[in-house]
Amino acid sequence: MVSAPNGALYEARRKIQPQAVRGRFRTAKWIILAVTLAIYYIVPFLRWDRGPGAPSQAVLIDLDRGRFYVFFIELWPQEVTYVMGLLILAALILFLMNAVAGRIWCGYLCPQTVWTDLFLAVERLVEGDRRARLKLDAAPWSIEKVALRTMKHAIWLLIAWWTGGAWVLYFADAPTLVHRLATFQAPPQAVFAILTLTATTYVLAGHMREQVCTYMCPWPRIQGSLTDEHSLNILYRVDRGEPRASVKRSRALRAAGQPAGDCVDCFACVTACPAGIDIRDGLQMPCIQCGLCADACDAVMVKLGRPTGLIAYDTEANCRRRAAGQPPVRKILRPRTIAYGLLVAGIGGFMLTTLATRSFTGVNVLHDRNPLFVTLSEGGIRNGYTVRVINKRPFARDLTLAVEGLPGARTDIVGAPEGEIAVPADATREIRVLVFAPPGTAGSIPLTFRLADPVSGETALAQDHFKAP
């Protein structure tokens, strides 16, 4: 739990103005930012031909039709287990990432981090780097300050608006909705959703920033139980950096044969941190492990002609080993990571297998409840069923239905006397089925409803019972 200095559970936000840095971690973050934002903004406009009458958007959550389209994959509401499986798989991948390299998700891939980085880039572009922004904050209001702040917030709002708009495009045909938005003909639900997401993006990425990670997100509190001493984290090399001293002081100490660490106490790592923490104080919950402090420190070490890596990805086990004079070791493969990896591979493989072999034909059966059965004048017994036939193919099909398990029974399909049920493309059809049993039938007899496609041979089964006195 993060607590304020006075013991309170929440500390009022202090504005953080991080310094821009260059380095391998910053470059990786720029690449990931560009790729993830491009995917998010462009994917709704990708097309995929599914045939006549079907939506042509590659990725679409069609609430009206109750479908989820992802390129060649089409999921029905009955297949929500795939969505649940994806969520479980995502959680396990997150656990694996955390066990291997700490909060790598938070530092590079989390939407809050990506959009905050984008908003910070806009802020630097408009107002300048750290010193210029601090100077602008301290300056009295003037025409220039108003103009700069207005420009910054206008660009933030534009990004936030397009972010909310892009999310809504996943639920409707993107070009059509964009045209309707441009001509002020969009449905109120879409406008409300866009405005809501615009406001949340603007507030979270533009104003709350690191407080979202510290106070709103539960992951920092969970990840501690998923790591161990061999998990990689951004750490300060205490054995190399201490005791700290200024450049001039450290040279004098070394010349006198006294110990002096490589850390010159320049606070470059602190000013580069988007959370405003000092990584030299050890692992802290607000730290998102983005590596920017490492880039800042490496730049200072290069200027001083000292080895880089004073702040770098390391493990707590190696910190202790170095302090004891032992060589560092890397243990990526260990019981925790192997277990997570096997779970990811197993669940992922199972989902791919079931998805590749899933049936595009379905049948559901509901027995009449009142009455359960009807005794006919000649002594026979009749049961009634409501049968829903599902056709997940993008074309109409004629399917046959047979009832098995009751010798001597006769089946009457209302509306399909020949036994062929015409089902439209990508649709369901509800039919009424009557099953007649000969006199003398008694008890509860299990039945199998077999739906078949005579062309492809594909079948689907449903179980129920025939009720008799």
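**Pockets, a cavity and two strand pairings**

The second largest pocket of this predicted model comes in at a volume of about 460 Å³. Its lining runs to 17 residues, and Val 168, Phe 171, Ala 172, Pro 187 and Ala 190 are the ones closest to its centre. Four elements, β1, α6, α7 (174-182) and α8, give two or more residues each to this lining. Of these, α8 makes the largest contribution, with four residues. Sorted by class, the lining of the second largest pocket holds eleven nonpolar residues, two polar ones and four charged ones.

Then there is the largest pocket, with a volume of about 1400 Å³. Here 30 residues make up the lining, and those nearest the centre are Tyr 40, Trp 105, Pro 111, Trp 115 and Trp 167. Quite a list of elements chips in with at least two residues each: the helices α1 (24-42), α2 (80-101), α3 (104-109), α4, α6 (143-169) and α8 (188-208), plus the strands β1 (59-62) and β2 (67-70). Helix α2 takes the largest share of the lining of the largest pocket, at eight residues. What sort of residues line this pocket, by class? The lining has 24 nonpolar and six polar residues, and no charged residues turn up at all. Charged residues do appear in the lining of the second largest pocket, where there are four.

Some elements show up in both places. Strand β1 and the helices α6 and α8 each supply at least two residues to the lining of the largest pocket, and these three elements also give two or more residues to the lining of the second largest pocket.

Turning to enclosed space, the model has three cavities of 30 Å³ or more. The largest cavity has a volume of about 180 Å³. It is lined by 18 residues, with Thr 116, Arg 209, Glu 210, Pro 274 and Ile 288 lying nearest its centre. Both α4 (111-127) and α9 (210-216) put at least two residues into the lining of this cavity, and α4 has the largest share, with five. Helix α4 is also among the elements that supply at least two residues to the lining of the largest pocket. As for the mix around the largest cavity, the lining breaks down into ten nonpolar, three polar and five charged residues.

On to the strands. An open sheet is built from three strands in the order β1-β2-β3, with antiparallel pairing. At its edges sit β1 and β3 (73-75), each of which pairs on one side only. From one strand to the next, the twist averages 10°. Strands β1 and β2 run antiparallel and are joined by four bridges; one residue pair to look at is Leu 60, whose bridge partner in β2 is Tyr 69. Both of these strands come up again at the largest pocket, where each supplies at least two lining residues.

Another antiparallel pairing brings together β6 (residues 361-367) and β8 (residues 381-391), with seven bridges between them. Opposite Thr 361 stands Asn 391 in β8. Is strand β6 mostly covered or mostly uncovered? It is mostly covered, with five of its seven residues buried.

How values were computed
Residues are numbered from 1 along each chain as its sequence is written. This is a predicted model: local features need pLDDT of at least 70, side-chain atom pairs count only at pLDDT 80 or more; totals for chains, interfaces and linings use all residues. Side-chain values use heavy atoms; hydrogens and water are left out. Buried means under 20% relative accessible area, exposed over 50%, partly exposed in between (1.4 Å probe, protein chains only). Two strands pair if DSSP finds at least two bridges between them. On a 1 Å grid over the protein atoms alone, a cavity is a set of points where a 1.4 Å probe fits but cannot get out, and a pocket is an open set with protein on both sides within 12 Å along at least five of seven lines; lining residues have an atom within 4 Å of a point. Grid points are joined across faces, edges and corners, and a volume is the space filled by probe spheres set on the points. Ala, Val, Leu, Ile, Met, Phe, Trp, Tyr, Cys and Pro count as nonpolar, Asp, Glu, Lys and Arg as charged, and the others, Gly among them, as polar. Axes are lines fitted to C-alpha atoms, for helices over the stretch in contact, and angles run from 0 to 180 degrees between N-to-C directions.
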